[in-house]
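Student: I should like to work through this model by asking how each description of it is justified. May we set the terms against the values?

Tutor: Certainly; let us begin once the structure is in view.

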Amino acid sequence: MADFKSKLKGLFFFKEPEKIEKFILKENESRNSSSENKEKDSEEREGRTSRDNNNKESSKKRGVKTPIARIKQVGAKDEEKSEGSDEDDKGSKDISGMTKVSKKLSDNLAYIKEKYTIPVNSDIVIREFNITVKGKTIPTFIVFIDGMTDTKVLDLAILQPLMLLSNMEIKDDDNEVGNIIRDHLLPHNQIQIVTELSDVVDDINFGGCGVFVDGIDKAFTADVKGWKSRSIERPNTEMVIRGPQEGFNEILRTNTGLIRKILKDEDLIAENISVGRRSKTPCSLMYIKDIANESLVNEVRRRLEGIKIDYLFDSGELEQLIEDNPYLAAPQILATERPDRVASMLTEGKVAIVVQGSPFVLVMPTTHIDLFHTPEDSYLRFPYANMLRIIRISAIAMSLLLPGFYIAITTFHQEMIPTDLLFAIEASREKVPFPSLVEILIMEFAFEFIREAGVRIPGPLGSTLGIIGGLILGQAAVAANIVSPILIIIVAVTGIGSFAVPNFSLGYAYRIIKFVYIFLAATAGFLGIAIGLFLQGLWLTSSKSFGIPFMAPIAPVTNGGLTDQILRTPIWKQEKRPDFLNAKNNRKQEHFSRKWVQDDKKK
Amino acid sequence: MRNLNMIIIVIFLLWVFIKTVSYGKWTWNRKNRLGAIAIIIIAIIELVLPIYSVYFIL
């Protein structure tokens, strides 16, 4: 009866629905945690090392779990070791304020456990053992991240010596445990003694191993990196026929090594700078000490150190964080996959940044003309290189302006082309119901779709899609009288021209600007294109890349900088570095670099 | 027959009205006063308008 009544009541009156949501991210939770963080920060600022019991109670009431509480809840091991956990509890009172390595091993262990949320974090390995130093047994533990370290090196260079060699007689008068361990028990090539706990954690996060020994207020960190990485392959975005075929990979030290291998110069500097408050992504600032301008190096360093972000994943992000003008379509920093190109630019007095995890190295400052160059230009004889540059620049101009020219001519300036050609164009457009602007936008967008889809489709399917898209779609569009045949030629030439842009970032920029020229031409014909060129020229000439005018050495014209800019002279004539870089040493080769010619003349 | 239809319609409308008002009351109790007033206005409209149109227009 009661059941029937409640059903009847439910039929007539609104009843609060049962909560069936699987997961709700409540605002309060993040607020609590952020307020907790604020509390923690303020405590640290005040220099308090332990939390008040009242605070703990209040946080318990709110249901906020401290990391230590979480560890206890999840970890079963800690419960087994009742004495050990008691020690941890004692230590946990102090560990939140710990900054230095403690003499008490249990404190250090508790700190590491809290820091890495052990045992929730399954890839953090802590190995506890005993070592014997001068007949005295000392508890020790090592900590490392599984998957980032080379376990063979760990076993052979860290664990084996500590556990086995320590039992042998050590012929040393020094009784200091730390010194004995460093000098006799850790036969590894990169051992550091650190006192700050944050330094130990940073090293562990980057594939290191921390060694803590009871009774000494120092820890040892060993570089035992051993993660899997891609081998050195051909650079996909900058293929050349002649020249080195090596490309960067994602490992910082491999990349700096590739550059150093080419330059073989003791003045080549590779400064380490970490970017990212949390990720601490290692970056290497590279320059040649006695060539690169000091103020340029300082400026790059200043910008790198001034970045305040949590995580940095790739050099593409770094480029956006340090460039001068984020709204300029053209890139102001050159990103390259080729070590030989970086090396060549470093010899000119430029600065490079290598980022851990990125196969693209950033080189700065960059001028607009640098973006037209390919590394092959230097390796080919100068007549071939010049011919290629002329073709490349023509192709780039075509890709930028040809659709605009077509619209301007067919819409406003019909008298500019031969009458027969005009008739041919008009005859082909006779059945097309759209104006030229709509016609060209349809085809340009179709082409962009094919290009984007071709990039996303894996393997050989991508090129198949390009062929199918280009041939069949174009043919079908003409047959359906949506576009005229001549427009297919225009779009195809534009597309091919855009592939001739050596720098892919500049290619993107020109693809965007092309549409601006199409609209300008549709609005005011050649006058619109002229206005566009004027504005683009103003924009480019007023831009700078790390203090260097972006259009240098053309605007402004600088002395002696034109040996390898739009065209290049023979390599023996390229005596000086680009003077707009204000390198410390402006001459890069002797006046007579081909000394044998001089000798022949003397004979 | 017509009267029977009318009665069925009115019963249905009353049922909807009661249920909607009870929802308005629940909303009022949850401190959403404005929402509750809006719901009650809607409940009145959905009761009054059909009855007016059924009895006075048709």
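Student: Which residue does A:Thr336 stand opposite in S10(A)?

Tutor: In this predicted model, the residue of S10(A) opposite A:Thr336 is A:Val361. S8(A) and strand S10, residues 361–364 of chain A, run antiparallel and are joined by 3 bridges.

Student: What makes S8(A) and S10(A) paired strands?

Tutor: Pairing requires at least two bridges between the strands. S8(A) and S10(A) have 3 bridges, so they count as paired.

Student: In what order do the strands of the sheet with S6 and S8 of chain A come?

Tutor: The order is S6-S7-S9-S10-S8 in chain A, an open sheet of 5 strands with antiparallel pairing.

Student: Why are strand S6 (268–275) and strand S8 (334–336) of chain A said to stand at the edges?

Tutor: Each of these two strands of chain A has a single partner strand, so one side of each lacks a neighbour in the sheet. Ignoring direction, neighbouring strands are turned by 25° against each other on average.

Student: Which helices pack on this sheet?

Tutor: Helix H12 (residues 294–305) of chain A touches S6, S7, S9 and S10 of chain A, and its direction makes about 175° with that of S7(A). H14(A) lies across S7, S8, S9 and S10 of chain A, at about 50° to S7(A).

Student: Why is H11(A) called oblique to H14(A)?

Tutor: The axes of H11 (residues 252–263) and H14 (residues 339–348) of chain A come within 9 Å and cross at roughly 60°. Roughly parallel requires an angle under 35 degrees and roughly perpendicular one of 65 to 115; the crossing angle therefore makes H11(A) oblique to H14(A). The crossing of H11(A) past H14(A) is right-handed.

Student: What makes up the contact of H11(A) with H14(A)?

Tutor: H11(A) contributes A:Leu258, A:Ile259, A:Ile262 and A:Leu263, while H14(A) contributes A:Pro339, A:Asp340, A:Val342, A:Ala343 and A:Leu346. By class, the contact has 8 nonpolar residues, no polar ones and 1 charged.

Student: Why, then, is H16(A) called roughly parallel to H21(A)?

Tutor: The axes of helix H16 (residues 382–411) and helix H21 (residues 504–542) of chain A come within 8 Å and cross at roughly 30°. Angles under 35 degrees count as roughly parallel, and therefore H16(A) is roughly parallel to H21(A). This crossing of H16(A) and H21(A) is right-handed. Residues meeting there include A:Leu400 and A:Gly404 in H16(A) and A:Tyr517 and A:Ala521 in H21(A). The contact of H16(A) with H21(A) comprises 15 nonpolar, 4 polar and 1 charged residues.

Student: What makes S1 and S3 of chain A edge strands?

Tutor: They belong to an open, antiparallel sheet of 5 strands, ordered S1-S2-S4-S5-S3 in chain A. Strand S1 (124–133) and strand S3 (191–194) each pair on one side only. Helix H7 (residues 105–115) of chain A packs on this sheet, touching S1, S2 and S4 of chain A, and its direction makes about 10° with that of S2(A).

Student: How do you know where chain A should not be read in detail?

Tutor: Over residues 42–92 of chain A, pLDDT stays under 50. Where pLDDT is low, predicted coordinates should not be read in detail. Chain A has a mean pLDDT of 84, with 87% of its residues at 70 or more. For chain B the mean is 89, and 97% of the residues reach 70 or more.

Definitions and conventions: Residues are numbered from 1 along each chain as its sequence is written. Chains are lettered from A and ligands numbered from 1 in the order in which they are written. This is a predicted model: local features need pLDDT of at least 70, side-chain atom pairs count only at pLDDT 80 or more; totals for chains, interfaces and linings use all residues. Axes are lines fitted to C-alpha atoms, for helices over the stretch in contact, and angles run from 0 to 180 degrees between N-to-C directions. Helices (H or I, at least four residues) and strands (E, at least two) are DSSP runs, numbered from the N terminus. Angles under 35 degrees count as roughly parallel, over 145 as roughly antiparallel, 65 to 115 as roughly perpendicular and the rest as oblique. A crossing is left-handed if the near helix is turned anticlockwise from the far one by less than a right angle, and right-handed if clockwise. Two residues are in contact if their C-beta atoms, placed from the backbone, lie within 7 Å. Ala, Val, Leu, Ile, Met, Phe, Trp, Tyr, Cys and Pro count as nonpolar, Asp, Glu, Lys and Arg as charged, and the others, Gly among them, as polar. pLDDT is the predictor's confidence in each residue, from 0 to 100.
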